[in-house]
Amino acid sequence: MSASRPESLRQLEHEVGVLIRRIRRVIGERSRAVHPDLQPASYLLLAYLAESGPMRSSAIAGTFDVDKGAISRQVQHLVDLGLVDRQPDPDDGRATLVSASKSAVRRLAEVSSERRRWLDERLSDWSDDDLRGLVESLGRYNGALD
């Protein structure tokens, strides 16, 4: 007999909670793999910059829904670690763009590649259809919550 909808929703909340705890741990591991002093919150910002390219800190603050002061402190932390570069905005000389440094992009790619290899090992008994199904379901779930 299948679970009732309320029970399935309770189980979903539980599994999402497990996933969130696991993701927090993985972000901590990944941040330390990029640089031993990289804070997990700054890792997410760095990964976003590496993916999105140069941008103003104000745009980052809007994307992450974090105040500009907090973003400024994270950016300075990343600059101090040599993971982010600053350059003048060519469209407005008064503004500054921040971007992931070449070494940060390289290190992030290495860490992601290592993580995908690890995932592939752990999910080796999953068929390609099983894996695609999970990806599609997570995408649908995330889309429904937007």
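**Figure 1. Strands β1 and β2 pair in this predicted model.** Strand β1 covers residues 84-89 and runs antiparallel to β2, to which six bridges join it. The two strands form a hairpin, with two residues between them. At Val84, the bridge partner in β2 is Ala100. Asp85 stands opposite Ser99, which also belongs to β2.

**Figure 2. Val98 sits in strand β2.** The strand spans residues 92-100. The relative accessibility of Val98 is 2%, so Val98 counts as buried; the cut-off for buried is under 20%. Beyond the residues up to four places away in sequence, Val98 touches Leu49, Gly53, Pro54, Met55, Ser57, Ile60, Val75, Val84, Asp85 and Arg86. Val84 and Asp85 therefore appear in two views, as contacts of Val98 here and as residues with partners in β2 in Figure 1. Ser127 follows 29 residues apart from Val98 along the chain, and the C-alpha atoms of these two residues are separated by 41 Å.

**Figure 3. Leu46 and the largest nonpolar core.** This core holds 21 residues. The members that touch the most other members are Val34, Leu38, Leu46, Leu49 and Leu83. Two or more residues come from each of α1, α2 (40-52), α3 (57-64), α4 (68-80), β2 and α5 (102-122). With four residues, α2 gives the most to the core. Leu46 is in contact with Val34, Leu38, Leu78, Leu83, Val84, Ala100, Ala104 and Leu108, leaving aside its neighbours within four places in sequence. Among these contacts are Val84 and Ala100, the bridge partners shown in Figure 1.

**Figure 4. Ser31 lies in helix α1.** The helix is made of residues 5-34. Ser31 counts as buried because its relative accessibility is 0%. A polar atom of the Ser31 side chain lies 3.4 Å from the backbone oxygen of Leu38. Not counting residues up to four places away in sequence, Ser31 touches Leu38, Gln39, Pro40 and Tyr43. Leu38 also appears in Figure 3, as one of the core residues that touch the most other members.

**Figure 5. Tyr48 and Phe64 form the one aromatic pair of the structure.** A pair of aromatic rings is described by the distance of the centres and the angle of the planes. Here the ring centres of Tyr48 and Phe64 are 5.4 Å apart, and the planes stand at 85°, so the pair is edge-to-face; planes over 60 degrees apart fall in that class. Tyr48 belongs to helix α2 and Phe64 to helix α3, so the pair ties together parts that are 16 residues apart in sequence. Tyr48 has a relative accessible area of 24% and is partly exposed. Phe64 is partly exposed as well, with a relative accessible area of 30%.

**Figure 6. Asp65 has a positive phi.** Most residues other than glycine have a negative phi. For Asp65, the value is near 55°. Asp65 is placed in the loop between α3 and α4. With a relative accessibility of 71%, Asp65 counts as exposed, the cut-off being over 50%.

**Figure 7. The protein chain around these views has six helices and two strands.** Along the sequence, these elements follow the pattern α-α-α-α-β-β-α-α. The radius of gyration of the protein chain is 19 Å, whereas a compact globule of 146 residues would have one near 15 Å. Along the principal axes, the C-alpha atoms fill a box of roughly 65 × 30 × 25 Å. Buried residues make up 26% of the 146 residues; Val98 and Ser31 both count as buried. Of the contacts with a separation of 6 or more, 48% are between residues 24 or more positions apart.

Methods: Residues are numbered from 1 along each chain as its sequence is written. This is a predicted model: local features need pLDDT of at least 70, side-chain atom pairs count only at pLDDT 80 or more; totals for chains, interfaces and linings use all residues. Side-chain values use heavy atoms; hydrogens and water are left out. Buried means under 20% relative accessible area, exposed over 50%, partly exposed in between (1.4 Å probe, protein chains only). Contact means heavy atoms within 4.5 Å. A polar contact is a pair of N or O atoms within 3.5 Å; within protein, one must be able to donate a hydrogen and the other to accept it, and residues adjacent in sequence count only if both atoms are side-chain atoms. A nonpolar core is a set of buried Ala, Val, Leu, Ile, Met, Phe, Trp, Tyr and Cys residues joined through side-chain atoms within 4.5 Å. Rings of Phe, Tyr and Trp (its six-membered ring) pair if their centres lie within 6.5 Å; planes under 30 degrees apart count as stacked, over 60 as edge-to-face and the rest as tilted. Two strands pair if DSSP finds at least two bridges between them. The radius of gyration is taken over C-alpha atoms; the globule rule is 2.2 Å times the number of residues to the power 0.38.
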